[in-house]
Amino acid sequence: MVVKNICCLGAGYVGGPTCSVIAWKCPEIKVTVVDLSKERIAQWNSEKLPIYEPGLDDVVKACRGKNLFFSNDIKTAILDADLIFISVNTPTKTFGNGKGRAPDLKYVEGAARMIADIAQSNKIVVEKSTVPVRAAESILNILSANQRPGVSYQILSNPEFLAEGTAIDDLLHADRVLIGGEDSPEGRAAIEELCSVYEHWIPRKNILTTNTWSSELSKLAANAMLAQRISSINSLSAVCESTGADVSEVARAVGLDSRIGSKFLQASIGFGGSCFQKDILNLIYICESLNLLEVAAYWQQVIDMNEYQKSRFTAKVIESLFNTVSGKQVALLGFAFKKNTGDTRESPAIHVAKTLLDEGASINIYDPKVEKSQIIDDLTNPSICEFPEQVKSRVKIFEDAYSATAGTHAIVLCTEWDEFITYDYNRIYKGMMKPAFIFDGRKILNHEELIEIGFHVQTIGKKLSRPRSPRCWSSKPNI
Ligand code: NAD
Ligand code: UGA
């Protein structure tokens, strides 16, 4: 079989960009991305795509309506497809057995059942969602139990390694593509079919084939090890703040060792995003289920350190503001979990905002890409707040940073957006209450310059001196 028709179940952060790039690089393959959500598909078919991702608009515009389609007609897409990607969400369970740890596989199971109900010809079914080890077995069980005569399935694992904000570049220049499958003639043939899709733009030497379980576990392992590096450097940032060492200098010195490498050693307010915590919890749950309790405890520490870092940073903000933020105005710059995305899932900014609100502060929020409704949804989510009305009255969302910071006692920088580096901080300082504080949770600002202007500056992993000559200690902004 030569793959001519691809269907992707799930038009999210993975399904949308991944299939857009496949369509762009494989003009002879028809790619249809389907979703249960009518709203999401309508957005994919509109001028304003449902996700912000640099370069994505151009790729979609180049292929949409030619060989790339976004649709709610799941039935036709499955019937026509030779190869089906399952790219649905796998959130952490919020109820029942494994609550707060195990992944909720109901969407993966739902997708498998849809395929079983609809398919009338042979299909290669590709797990692209991040799943626990041996999830492919469950998918195969569902498909086999409902198999029509003459229809056969091959299940492959093809986890996705793209990062948000750089998704298109990551997809075009992937370090590796990983494909796991069954070691049988049919399994090997299916692996070859998927390889031939990627080979349109990925060199064969960068396509790694393994058994299915290694592929599934490698995805969890990669995310766990990336997150572990961040927790490691963040743990050292606390040591730096207490000793006078500078965590950026430490990271540089350590990262120059080619065995360690320099990437993912940026100390921060803590990692966010939809996957690191979810996937480590998934790994921990697997270890606990296998009675590998020491291994589970080891990975749990990566999450605990991340929680500690977020709390430590927020505690420092409050302590610096004379141990109370009650009645104070604080500006939050950045709400996305990292720059170049509008995604706020598990964003550390949510933790900061919630703690400041709990302590009685009013907060002004500005983010270049996050929608106002998303910020309100995040902060009024029942898991975050008990009194949504109170949140609404004490949170204001702004269209630019100058208005967001005007009249505030402090700025807390939560996301490393490039534009934050270029602001006129003299102007911002003039508009703020004095003493004016700035907490750089991403270590991106020029701290010496800010101190020179008159700001009290705090950052991660480095002790900074107080303003040399506090220019103005009146409590009013001097606009
Ligand atoms: P998402 O929530 O953005 O998108 C998932 C989509 O699947 C939703 O739009 C949902 O409506 C749809 N869906 C659910 N069940 C469906 C069904 N039966 N048929 C059709 N559509 C269905 O999720 P995401 O961020 O794209 O993540 C998807 C998977 O990829 C997860 O397992 C995640 O861990 C993994 N992953 C995510 C990233 C990332 O950067 N977000 C990177 C690598 C891997
Ligand atoms: C991460 C992985 O990098 C991807 O390979 C993976 O495919 C994806 O998870 C997934 O499975 O969802 P993503 O979460 O989109 O990608 O973004 P990252 O660049 O990994 O950043 C995650 C968080 O760590 C962000 O909050 C970021 O600010 C933080 N981070 C990252 C640091 O604090 N320090 C660093 O040095 C790097």
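Guide: A residue counts as near a molecule when one of its heavy atoms lies within 4 Å of that molecule. By that rule, ligand 2 is surrounded by 20 residues, with Phe161, Leu162, Ser268, Cys275 and Arg442 the closest. A word on what you're looking at: this is a predicted model, in which local features need pLDDT of at least 70 and side-chain atom pairs count only at pLDDT 80 or more, while totals for chains, interfaces and linings use all residues. Residues are numbered from 1 along each chain as its sequence is written, chains are lettered from A and ligands numbered from 1 in the order in which they are written, and side-chain values use heavy atoms, with hydrogens and water left out.

Visitor: Okay, so which backbone atom lies 2.7 Å from an oxygen atom of ligand 2?

Guide: That's a polar contact, meaning a pair of N or O atoms within 3.5 Å. The 2.7 Å partner is a backbone N or O atom of Leu162. Glu160 also offers a backbone N or O atom, at 3.4 Å from an oxygen of ligand 2, and Phe337 does likewise at 2.8 Å. Taken as a whole, the protein covers 89% of the 700 Å² of accessible area that ligand 2 has on its own; such areas come from the Shrake-Rupley method with a 1.4 Å probe.

Visitor: How does the shell around ligand 2 divide by class?

Guide: Sort the residues first: Ala, Val, Leu, Ile, Met, Phe, Trp, Tyr, Cys and Pro are nonpolar, Asp, Glu, Lys and Arg charged, and the others, Gly among them, polar. The shell of ligand 2 then comes out as 11 nonpolar, four polar and five charged residues.

Visitor: And which helix gives the largest share of that shell?

Guide: Helices here are DSSP runs of H or I with at least four residues, strands are runs of E with at least two, and both are numbered from the N terminus. For ligand 2, helix α9 (residues 212–243) has the largest share, with four residues. Domain 1 (5–202) and domain 2 (250–479) each add at least three, their bounds coming from an automatic or database domain assignment.

Visitor: Let's move on to ligand 1. How many residues surround it, and which are the closest?

Guide: Ligand 1 has 24 residues around it, and Asp35, Arg40, Thr90, Glu164 and Lys278 are the closest. The shell splits into nine nonpolar, eight polar and seven charged residues. Helix α5 (residues 106–118) gives the largest share, three residues.

Visitor: Why does ligand 1 lie between the two domains?

Guide: Because domain 1 and domain 2 both give residues to its shell. For the polar side of things, look at the ligand's oxygens. One sits 2.9 Å from a polar backbone atom of Val14. An oxygen is also 2.6 Å from a side-chain N or O atom of Asp35, and Arg40 has a side-chain N or O atom 2.8 Å from a ligand oxygen. The protein covers 92% of the 840 Å² that ligand 1 would have accessible on its own.

Visitor: How do I read burial? Is helix α1 mostly covered or mostly open?

Guide: Buried means under 20% relative accessible area, exposed means over 50%, and partly exposed is in between (1.4 Å probe, protein chains only). Helix α1 (residues 15–25) is mostly covered, with nine of its 11 residues buried. Among them are Gly15, Pro17, Cys19 and Ile22.

Visitor: Last topic: how many salt bridges does the structure hold?

Guide: The general idea is that side chains of opposite charge can pair when their charged atoms come close. The cut-off is a side-chain nitrogen of Lys or Arg within 4 Å of a carboxyl oxygen of Asp or Glu. The structure holds 21 of these. In one of them, Asp104 pairs with Lys106, with closest N and O atoms 3.8 Å apart. Asp104 is buried at 9% relative accessible area, whereas Lys106 is partly exposed at 45%.

Visitor: What about Glu192 and Arg204?

Guide: Their side chains meet in a salt bridge at 3.0 Å, N to O. Glu192 is in helix α8 (residues 185–198) and Arg204 in the loop between α8 and β8 (207–211), so the pair ties together parts 12 residues apart in sequence. Both are partly exposed, Glu192 at 40% and Arg204 at 36%. Arg204 also has a salt bridge with Glu199, at 3.3 Å, N to O. Elsewhere, salt bridges with shared partners join Glu164, Asp343 and Arg345 into one network.

Conventions. Polar contact = N/O pair within 3.5 Å; in protein donor to acceptor, adjacent residues only side chain to side chain.
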